[in-house]
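I opened my notebook to see what I could learn from one structure, element by element. Here is what I looked up, in the order I did it.

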Amino acid sequence: MTSRRALFSLLPLGGLRLSSDTGRDSDMFCMLFQSIEHALREVTGLDEVLLGEGGEHADLSSTVAFNLAKIKRAPPAKIAQELAATLAARDDLKEIRVEALGPYLNFHFSRAMVERALQQATMPGYGSHPPREERVVLEHTSANPNGPLHVGHIRNTILGDTLGRCFRKAGYPLEVQYYVNDMGRQIAIVVWGFSTLENTRLPGEKGDHHVARIYIAANRELEANPGCVADVDHLMQLVERGDPATVRLFRDAVTECLDGFKVTLARLGARHDRFVWESDFIRNGDTERVLGKISHMPECRDDGKLWLDLSSAGFEKEYVLRRSDGTSVYAARDLAYHTWKGRNYDRVIDVLGADHKLIGAQLIATMRILGEKAPEIIHFEFVSLPEGSMSTRAGKFVSADELLDEVTRRALEEVTIRRPELPEPERQEIARSVALGAVRYDIVRISPEKSTVFDWKEALDFERQSGPYIQYAHARACSILDKAGEFEEYLALENEHEMALARHIIRFPMVIENVVTELKPHLLAGYARELADLFNAFYHFEPVLKTEGLVRRSRLTLVKATQNTLSEALATLGIDALRTM
RNA sequence: GGGCUUGUGGCUUAGCCAGGAUAGAGCGCCGGGCUUCUAACCCGGAUGUCGAGGGUUCGAAUCCCUCCAGGCCCGCCA
């Protein structure tokens with residue numbers, strides 16, 4: 001390790017002077033990737049050339065020689081060697097060093113290229129892609145308004161919001177929607193509770209928590225008096241029929257809960273562009289229109305209730321759309337909603353809980369039969385409590401509000417220990433950002449298909465692999481830049497800490513691209529953490545302010561690129577990039 | 001019972017879809033490092049039958065089959 005560093009320092013500097021008019025191409029890494037992939041395709045004649053990250057061995061690498069070996073009946077190492085020679089001779093790969101290491105084809109970017117790409121990383125908005133045409137609509141959270149958002153719901157919120165931020169960063173025109181289920185049975189139960197039970201709102205009680213209290217009490221009451229269920233059914237019929245008084249009762253209850261949601265969502269840094277009310281699809285006739293169209297389909301069955309036979313698509317279960325009392329079922333309204341989305345946007349994405357897997361698949365199948373655009377659905381698995389699964393109805397949940405309160409309290413403790421000299425309001429401000437970073441990161445870092453158990457200890461951990469860890473790396477970079485004052489950008493990367501950091505920074509635009517194509521926000525979480533790791537190592541081993549001349553300027557430029565990239569990555573994760581903490 | 005899904009060191013987790021270079025991290029544990037650009041940090045060490053068993057392949061954590069365990073779903077709920 002030491003010897004390699006020594007070797008590097010013997011290399012001539014040959015630094016790159018930076019000027020502001022270079023770097024039109026804002027995602028150099030993507031371009032390099034594409035040109036290598038293109039060259040590989042030409043040279044091998046294969047469509048799939050297996051180009052991927054090179055890890056410790058290279059910037060990019062390919063295992064295509066193995067596949068070619070089968071076709072050409074020659075040893076993969078020999079093929080790799082021949083490919084490397086051919087590729088190295090190409091004009092379009094002039095600045096890339098191609099090497100065959102055994103059967104592997106390794107591609108190394110020249111230092112000059114890394115430095116050029118790095119220069120782009122110092123500019124505001126780094127990682128953003130040019131505007132695209134495709135209009136995207138993203139639905140997330142959409143929790144039933146019968147109680148506050150809890151730690152399960154906000155997995156949806158944070159996943160969706162992060163994905164939305166990635167889409168915007170990737171250049172897509174995006175609208176984020178919240179689908180308000182304002183006419184379901186749960187809401188009818190809330191309304192029934194409001195009209196029959198003691199229901200005064202406690203002083204200081206948030207609307208959503210108030211609604212939950214009534215909802216829990218109403219459910220208890222209904223369990224004790226099953227006869228009252230008919231009253232709830234009646235409410236549902238009245239609201240579907242558009243009975244003005246009932247509609248107002250539903251709307252008031254839902255609004256009270258929704259107002260509470262909006263406060264929580266704002267605390268989480270999540271923003272919806274539009275709240276779409278389910279009942280609007282009854283009122284505007286869309287649901288009726290969809291059901292009318294469906295009634296003419298060969299898959300349609302009407303035996304009192306109206307349902308679809310989706311067995312041709314592999315579903316055994318009846319897909320019920322209208323009850324025998326004439327009222328529509330959620331699935332019917334959902335079809336109307338998705339038809340509307342499909343006709344107004346080019347790409348429709350929903351973030352839904354794993355409990356919606358079946359109904360989601362049925363929805364997609366039906367949309368296809370209808371000839372409408374089917375949504376892409378991201379399902380996330382459940383968050384449970386150590387004592388079992390959460391239930392709003394049973395009052396068994398940890399609300400997002402109490403999670404944020406508790407994490408903020410802990411964060412304030414931590415800030416107060418570390419920065420006792422700061423005035424209270426400033427400490428509170430930092431604590432709020434740290435808490436948000438901790439909560440959001442803790443959730444987004446886990447891939448959605450993993451079911452998790454909520455753990456206070458983990459939620460309150462601000463150390464490695466946490467949001468605050470990344471925020472801290474950013475604050476450190478800011479601290480150096482603040483102390484450095486003015487400097488002229490210049491790059492001459494010397495040692496392996498600098499190179500490793502630089503190589504990672506230039507991948508950022510590609511990470512954004514990957515998140516939106518694969519719909520995997522946790523890739524960004526991992527990227528940001530690795531970036532912080534690499535910066536911390538650089539920070540520890542390579543002094544910046546104590547050096548002089550070109551080395552100082554080069555390292556400062558690298559710090560600036562890191563700070564900027566961390567800041568952009570954190571913003572895309574919905575986490576505040578603090579300048580001090 | 002049927003369907004979907006997850007199973008990776010004591011704990012949490014990446015990698016799996018598009019199979020290849022010694023399976024990456026973090027917590028915890030052991031040992032080091034703050035007169036030094038913020039120690040919410042860094043460095044080193046121990047810890048893995050990648051749930052089990054078969055199969056495909058030159059090569060399997062990754063693909064296929066069976067089984068086991070957890071989660072979710074299977075309502076004229078949403």
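**Entry 1: a three-stranded sheet**

I began with an open sheet in this predicted model; three strands form it, in the order S9-S10-S11, with antiparallel pairing. I checked the edges next and found strand S9 (300-302) and strand S11 (319-322) there, each pairing on one side only. Direction ignored, neighbouring strands of this sheet are turned by 30° against each other on average.

I then followed one pair. Strand S10 (residues 306-308) and S11 run antiparallel and are joined by three bridges. Which residue is the bridge partner of Leu308 in S11? I found Tyr319 there.

A note to self: strands of a sheet pair through backbone hydrogen bonds, either parallel or antiparallel.

**Entry 2: a five-stranded sheet**

Next I looked at an open sheet of five strands, ordered S8-S7-S6-S12-S13, where the pairing is parallel. Strand S8 (274-277) and strand S13 (376-380) each have a single partner strand, so one side of each has no neighbour in the sheet. I noted an average turn of 25° between neighbouring strands of this sheet, direction ignored.

Zooming in, I saw strand S7 (residues 174-180) pair with S8 in the parallel sense over four bridges. Opposite Tyr179 stands Val276 in S8.

I also looked for a helix against these strands. Helix H13 (residues 330-344) lies across strand S6 (136-139), S7, S8 and strand S12 (347-353), and runs at about 165° to S7.

**Entry 3: a hairpin**

I moved on to strand S4 (residues 96-101) and asked where its side chains point. They alternate: Ile96, Val98 and Ala100 point to one face and are buried, while Arg97, Glu99 and Leu101 point to the other and are not buried. That fits what I had read: in a regular strand the side chains alternate between the two faces of the sheet.

What joins S4 to strand S5 (residues 104-109)? I found six bridges, with the two strands running antiparallel. One position I checked was Ile96, which stands opposite Phe109 in S5. S4 and S5 form a hairpin with two residues between them, and Gly102 in the turn has a positive phi of about 60°.

**Entry 4: positive phi outside glycine**

The glycine made me curious about phi elsewhere. Most residues other than glycine have a negative phi, and most peptide bonds are trans.

I found Ser142 with a positive phi of about 40°, although it is not a glycine. Ser142 sits in the loop between S6 and H6. Is Ser142 buried or exposed? Its relative accessibility is 13%, so Ser142 counts as buried, the cut-off being under 20%.

Gln465 also has a positive phi, near 60°, and is a residue other than glycine. I located Gln465 in the loop between helix H17 (456-459) and helix H18 (467-484). With 42% relative accessibility, Gln465 counts as partly exposed.

**Entry 5: two helix pairs**

Before looking at helices I reminded myself that two packed helices are described by the angle between their axes and the distance between the axes.

My first pair was helix H3 (residues 64-72) and helix H4 (residues 76-88), whose axes come within 8 Å and cross at roughly 110°. H3 and H4 are therefore roughly perpendicular to each other, and their crossing is right-handed. Which residues meet here? Val64, Ala65, Phe66, Leu68, Ala69 and Lys72 in H3 meet Pro76, Ile79, Ala80 and Leu83 in H4. I sorted the residues of this contact of H3 with H4 into nine nonpolar, no polar and one charged.

My second pair was helix H6 (residues 153-169) and helix H20 (residues 508-518), packed at an angle of about 120° with axes 9 Å apart. That angle makes H6 oblique to H20, and the crossing of H6 and H20 is left-handed. Leu163, Cys166, Phe167 and Lys169 in H6 meet Phe508, Ile512, Val515 and Val516 in H20. The contact of H6 with H20 divides into seven nonpolar residues, no polar and one charged.

**Entry 6: stepping back**

Finally I looked at chain A as a whole. I counted 22 helices and 16 strands in chain A. The C-alpha atoms of chain A fill a box of roughly 85 × 70 × 45 Å along the principal axes. Of the 581 residues in chain A, 53% are buried.

Technical notes:
Residues are numbered from 1 along each chain as its sequence is written. Chains are lettered from A and ligands numbered from 1 in the order in which they are written. This is a predicted model: local features need pLDDT of at least 70, side-chain atom pairs count only at pLDDT 80 or more; totals for chains, interfaces and linings use all residues. Side-chain values use heavy atoms; hydrogens and water are left out. Axes are lines fitted to C-alpha atoms, for helices over the stretch in contact, and angles run from 0 to 180 degrees between N-to-C directions. Angles under 35 degrees count as roughly parallel, over 145 as roughly antiparallel, 65 to 115 as roughly perpendicular and the rest as oblique. A crossing is left-handed if the near helix is turned anticlockwise from the far one by less than a right angle, and right-handed if clockwise. Contact means heavy atoms within 4.5 Å. Ala, Val, Leu, Ile, Met, Phe, Trp, Tyr, Cys and Pro count as nonpolar, Asp, Glu, Lys and Arg as charged, and the others, Gly among them, as polar. Buried means under 20% relative accessible area, exposed over 50%, partly exposed in between (1.4 Å probe, protein chains only). Two strands pair if DSSP finds at least two bridges between them.
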